[in-house]
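Open the model in your viewer and get ready to select residues by number. Each stop says what to pick and what is there.

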Amino acid sequence: MVDQESNVTHSKPTGGILANVLRLQNQCLSLVVTLVFALVEIAVKFVYSGNGDILSFEDYNASLEQSSAASVMIARGALIKPWIFTEVKEKRHWDISASERLDILKTYTNYGLEHWGSDQQGMNKTRRFLLEWLSFLHRYIPVGVLERVPQRINERPPLYIGRNDLETLMSSSNCTDWIKISEMLLGPVPSDFSFLPKHKANSYQ
């Protein structure tokens, strides 16, 4: 066809070119669809785990409900309150007694002595790990003395008097009191014993 004003000849695209263009479009579309399905498949197979500041079964349930996580990791909460897994499983607040908590420490020290030996070197190593753990355990506030349940992990524990002398001793943030608890389980500390917690909030010499 000739444009009379410009004297330029225009030609229509041939059927072969149109077919090639359509074929290329279909291939691109097919590739995009394949890629999308592959990404969806990866996303579905990927399992998310939530974490952060879990100190009660209520914190655990809230973490699951407020996210798409398939599970929840518990770290500091288990160091402060190792029976938290029982609370999560049974969905209750356990008002564990001081004597029951001491029994947990007895089991822990027995495992330490079994692993490192019951000689002085093994006892010293077990004592150090026990003291490091007590630097977390003392942050627990018994359910029976809480003004509001549950305890929040980032709230500074207030000073309080326990329901018996052992419960009060276990609440102390003083490293010297942690030493006293360790002596209840492992006997007197050696004369040259010294201890500096990793967080360096307290020390004993």
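**Stop 1: two helices side by side**

Select α5 and α6 in this predicted model. On the α5 side, colour Arg-101, Ile-104, Leu-105, Tyr-108, Thr-109, Gly-112, Leu-113 and Trp-116. They meet a set of residues in α6: Gly-122, Met-123, Lys-125, Thr-126, Phe-129, Leu-130, Trp-133, Leu-134 and Leu-137. Now colour this contact by class. It has 11 nonpolar, four polar and two charged residues.

Next, show only the helix axes. Those of α5 and α6 come within 9 Å. They cross at roughly 145 degrees. The crossing of α5 past α6 is right-handed.

**Stop 2: the largest cavity**

Stay with these helices. α5 covers residues 98–116, and α6 covers 120–137. Each supplies at least two residues of the lining of the largest cavity.

Which residues line the largest cavity? Select Pro-82, Trp-83, Arg-101, Ile-104, Leu-105, Trp-133, Leu-134, Leu-137, His-138, Met-170 and Ile-181. The space inside comes to about 90 Å³. Nine of the lining residues are nonpolar, one is polar and one is charged.

Look back at Arg-101 and Trp-133. Both line this cavity, and both belong to the contact of α5 with α6.

**Stop 3: His-138**

Keep His-138 selected. Is His-138 buried or exposed? It is buried, because its relative accessible area is 14%, and buried means under 20%. His-138 sits in the loop between α6 and α7.

Now show what surrounds it. Leaving out residues up to four places away in sequence, His-138 touches Met-170, Ser-171, Ser-172, Ser-173 and Trp-178. Met-170 is one of the residues lining the largest cavity, as is His-138.

**Stop 4: the largest pocket**

His-138 leads to the next stop. The largest pocket has a volume of about 430 Å³. It is lined by 20 residues, and the closest to its centre are His-138, Arg-139, Glu-155, Arg-156 and Pro-157. Select those five. By class, the whole lining has nine nonpolar, six polar and five charged residues.

**Stop 5: the second largest pocket**

Keep Glu-155 on screen and add Ile-141, Leu-146, Glu-147 and Pro-158. Of the 13 residues that line the second largest pocket, these five are the closest to its centre. The volume here is about 220 Å³. Seven of the lining residues are nonpolar, one is polar and five are charged.

**Stop 6: Ile-141**

Now centre the view on Ile-141. This residue lies in the loop between α6 and α7. Ile-141 is buried, since its relative accessible area is 7%.

What does Ile-141 touch, not counting residues up to four places away in sequence? Pick Leu-146, Gln-151, Pro-157, Pro-158 and Tyr-160. Then find Lys-81. Ile-141 and Lys-81 are 60 residues apart in sequence. In space, C-alpha to C-alpha, they are 9.5 Å apart.

**Stop 7: the second largest cavity**

Ile-141 and Lys-81 share a place in one more lining. Both line the second largest cavity. Complete the selection with Leu-55, Ser-56, Glu-87, His-93, Tyr-140, Val-143, Leu-146, Val-149, Pro-150 and Gln-151. This cavity has a volume of about 70 Å³. Its lining divides into seven nonpolar, three polar and two charged residues. How many cavities of 30 Å³ or more are there? The count is two.

**Stop 8: Val-145**

Move along the loop between α6 and α7 to Val-145. Val-145 is partly exposed, because its relative accessible area is 27%, and partly exposed lies between the 20% and 50% limits. Its contacts, beyond residues up to four places away in sequence, are Tyr-160, Arg-163 and Glu-167. Add Gly-162 as well. Val-145 and Gly-162 are 17 residues apart along the chain, with their C-alpha atoms separated by 7.5 Å.

**Stop 9: the whole chain**

Zoom out. The protein chain has eight helices and two strands. Trace them from the N terminus: the order is α-β-α-β-α-α-α-α-α-α. Of the 205 residues, 32% are buried. Finish with the contacts between residues at least 6 apart in sequence: 53% of them join residues at least 24 apart.

Technical notes:
Residues are numbered from 1 along each chain as its sequence is written. This is a predicted model: local features need pLDDT of at least 70, side-chain atom pairs count only at pLDDT 80 or more; totals for chains, interfaces and linings use all residues. Side-chain values use heavy atoms; hydrogens and water are left out. On a 1 Å grid over the protein atoms alone, a cavity is a set of points where a 1.4 Å probe fits but cannot get out, and a pocket is an open set with protein on both sides within 12 Å along at least five of seven lines; lining residues have an atom within 4 Å of a point. Grid points are joined across faces, edges and corners, and a volume is the space filled by probe spheres set on the points. Helices (H or I, at least four residues) and strands (E, at least two) are DSSP runs, numbered from the N terminus. Ala, Val, Leu, Ile, Met, Phe, Trp, Tyr, Cys and Pro count as nonpolar, Asp, Glu, Lys and Arg as charged, and the others, Gly among them, as polar. Axes are lines fitted to C-alpha atoms, for helices over the stretch in contact, and angles run from 0 to 180 degrees between N-to-C directions. A crossing is left-handed if the near helix is turned anticlockwise from the far one by less than a right angle, and right-handed if clockwise. Contact means heavy atoms within 4.5 Å. Buried means under 20% relative accessible area, exposed over 50%, partly exposed in between (1.4 Å probe, protein chains only).
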